[in-house]
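Biologist: I have a structure here and would like a close look at one part of it, a helix. Please set it in the context of the whole chain and then go through some other places in the chain.

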Amino acid sequence: MPFAVRSRGQDGDATNGRIVRMQEPRNLETPIDGLLPWQTKTHQHYVRSHFAVPKITADDFRLTVTGHVERPLNLTLADAKATNEARRPVTLECAGNGRVFLAPAVPGLQWGIGGVGNAVWAGVSLGAILERAKPKPGAVDVVLIGADKGPIAGPPSSPGPIHFDRGIPLAKAKSDECLLATTMNDEPLRPAHGAPLRAIIGGWYGMASVKWLTQIVVTDRPYQGFWQTLDYSNWQRIGGVPSLMPLTEMQPKAIILKPGLDGVVRVNQATDIVGKAWAGMAAVKSVEVSTDAGTTWQMVELVGEEKPGCWRSWRMAWKPTKAGPASLLARCTDATGRTQPTTRDADRRSYTINHLIPTDVTVRG
Ligand SMILES: Nc1nc2c(c(=O)[nH]1)N[C@H]1C(S)=C(S)[C@@H](COP(=O)(O)O)O[C@H]1N2
Ligand SMILES: [Mo]
């Protein structure tokens, strides 16, 4: 084979300038240019898939809702769509975004800063679908199951071939920020993004937003599936004792887009530092930038739209006064008081990468 990387995936979509992190299953990262607009263009949005895109035609598609419910459902796409509509912009970030910056290196896709995007998703309210099925008293988790399937060789390995799935607490599933999307940026959902129907779980890392959704199972006890125990989990100290917990809410994070990594700026010339910041469902309260590797910090200006569950664009004017290398840092603090840690915490395993990572640039004389 002359070329290891081709532009098109089996899903038929071109790379469109996205960085190929894996050809098949398709895993694509958004480059800096694609991260600049507040609303990410569909053809520039990152793609994270663990298995090949499953073949589902709109005709044979069914969404079943079973388990701890009074009225199990078996819905065609038209049936599913005949539920309360929902539409909202949502920032999705892959829990492994930024992994390439970890030292020592850890296994997994080596995302730079672009495993994140903010698109407008529309379809039906997940809460309204659940209301139709009427969860029984004592319902705990809502397990969203994708049609894609395969064995995970590990370690740790899966118990044979398994679907991609994710359980979320009933209260979260009923919230306004959770929907089942049939469109992305007001166009029919593309195969890579979960057509014909996918979950969008606002405020949480991307793994909860199950694509190619065909089954929902309501449980009467906490769900302990592969994708929230052996994978997509971290250690949390409960009374000092480490306990493995599923990843949930996105942690506050700011990224610098311009000047980019290895960017060049001119001494005594005004330049703009621009970026994005997000904090799950919490509002971004402030972003500070340091141009001297963390010695001094300055507030940036938050610009553009502020919507719950969405990232915020920001900008800061900078006039470097000294030629040579400069190390830029950005730090997001949210309205609940959470901020970014300075150093990496090994309990996070290979996920939730929001400690301060310098963007090294050169100031030319
Ligand atoms: N069925 C299914 N859903 C899935 C995945 C998957 O592999 N299979 N990947 C998850 C992960 S880890 C992320 S970050 C998001 C990415 O959504 P996107 O590809 O539309 O950007 O989808 C989630 N939903
Ligand atoms: Mo992810």
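Modeller: What follows starts with the whole chain, turns to the helix, and then takes up single residues. Please keep in mind that this is a predicted model.

The protein chain contains four helices and 24 strands. Its radius of gyration is 21 Å, close to the 21 Å that the globule rule gives for 365 residues, so the chain is as compact as a globular protein of that length. Along the principal axes, the C-alpha trace spans about 70 × 55 × 40 Å. Of the 365 residues, 54% are buried. If we take contacts between residues at least 6 apart in sequence, 70% of them join residues at least 24 apart. The chain exposes about 16200 Å², and carbon and sulfur atoms supply 53% of that area. As for charge, there are 42 positive and 33 negative side chains. The centres of these two sets lie 2 Å apart.

Now the helix, α3, which runs over residues 126–133. It is mostly covered, since six of its eight residues are buried. The buried ones are L126, G127, A128, I129, L130 and A133. At the start of α3, a side-chain oxygen of S125 comes to within 3.3 Å of the backbone nitrogen of G127. Just after the helix, K134 has a positive phi of about 55°.

The strand β7 covers residues 116–125, and A122 has its place there. A122 has a relative accessibility of 13% and counts as buried, because the cut-off for buried is under 20%. The residues that A122 touches, leaving out those up to four places away in sequence, are A86, R87, L179, L180, A181, T182 and T183. A122 and E187 are 65 residues apart along the chain, and their C-alpha atoms are separated by 9.4 Å.

Two more strand residues can be read in the same way. T219 belongs to strand β13, residues 213–219. T219 is buried, with a relative accessible area of 13%. Not counting residues up to four places away in sequence, T219 touches H68, G138, A139, V140, D141 and V143.

N234 is in strand β14, residues 233–238. N234 counts as buried as well, at 8% relative accessibility. With residues up to four places away in sequence left out, N234 touches S243, L244, M245, L247, D347, R348, R349 and T352. One of these, L247, is 13 residues from N234 in sequence, and the C-alpha atoms of N234 and L247 are 6.6 Å apart in space. The side chain of N234 also makes a polar contact, at 3.1 Å, with the side chain of Q236.

The backbone needs a separate look. Most residues other than glycine have a negative phi, and most peptide bonds are trans. With that in mind, the positive phi of K134, about 55°, just after α3 is worth finding again in the picture. N185 also has a positive phi, about 55°, although it is not a glycine. N185 lies in the loop between β10 (178–184) and β11 (187–188). At 14% relative accessibility, N185 counts as buried. W212 has a positive phi of about 45° and is not a glycine either. The loop that holds W212 runs between β12 (198–201) and β13, and β13 is the strand that contains T219. W212 is buried, with a relative accessibility of 2%.

Then there are the cis peptide bonds. One runs from P155 to P156, with omega near -5°. P156 sits in the loop between β8 (141–150) and β9 (162–169). Another cis peptide bond joins K258 and P259, and its omega is about -5°. P259 is found in the loop between β16 (253–258) and β17 (264–266).

To return to your helix: α3 is mostly covered, S125 makes its close approach to G127 at the start, and K134 with its positive phi comes just after the end.

How values were computed:
Residues are numbered from 1 along each chain as its sequence is written. Chains are lettered from A and ligands numbered from 1 in the order in which they are written. This is a predicted model: local features need pLDDT of at least 70, side-chain atom pairs count only at pLDDT 80 or more; totals for chains, interfaces and linings use all residues. Side-chain values use heavy atoms; hydrogens and water are left out. Helices (H or I, at least four residues) and strands (E, at least two) are DSSP runs, numbered from the N terminus. The radius of gyration is taken over C-alpha atoms; the globule rule is 2.2 Å times the number of residues to the power 0.38. Buried means under 20% relative accessible area, exposed over 50%, partly exposed in between (1.4 Å probe, protein chains only). Contact means heavy atoms within 4.5 Å. Accessible areas come from the Shrake-Rupley method with a 1.4 Å probe; for residues, only the protein chains shown count as cover. Lys and Arg count as positive and Asp and Glu as negative; His and the chain ends are not counted. The place of a charge is taken as NZ of Lys, CZ of Arg, CG of Asp or CD of Glu. A polar contact is a pair of N or O atoms within 3.5 Å; within protein, one must be able to donate a hydrogen and the other to accept it, and residues adjacent in sequence count only if both atoms are side-chain atoms.
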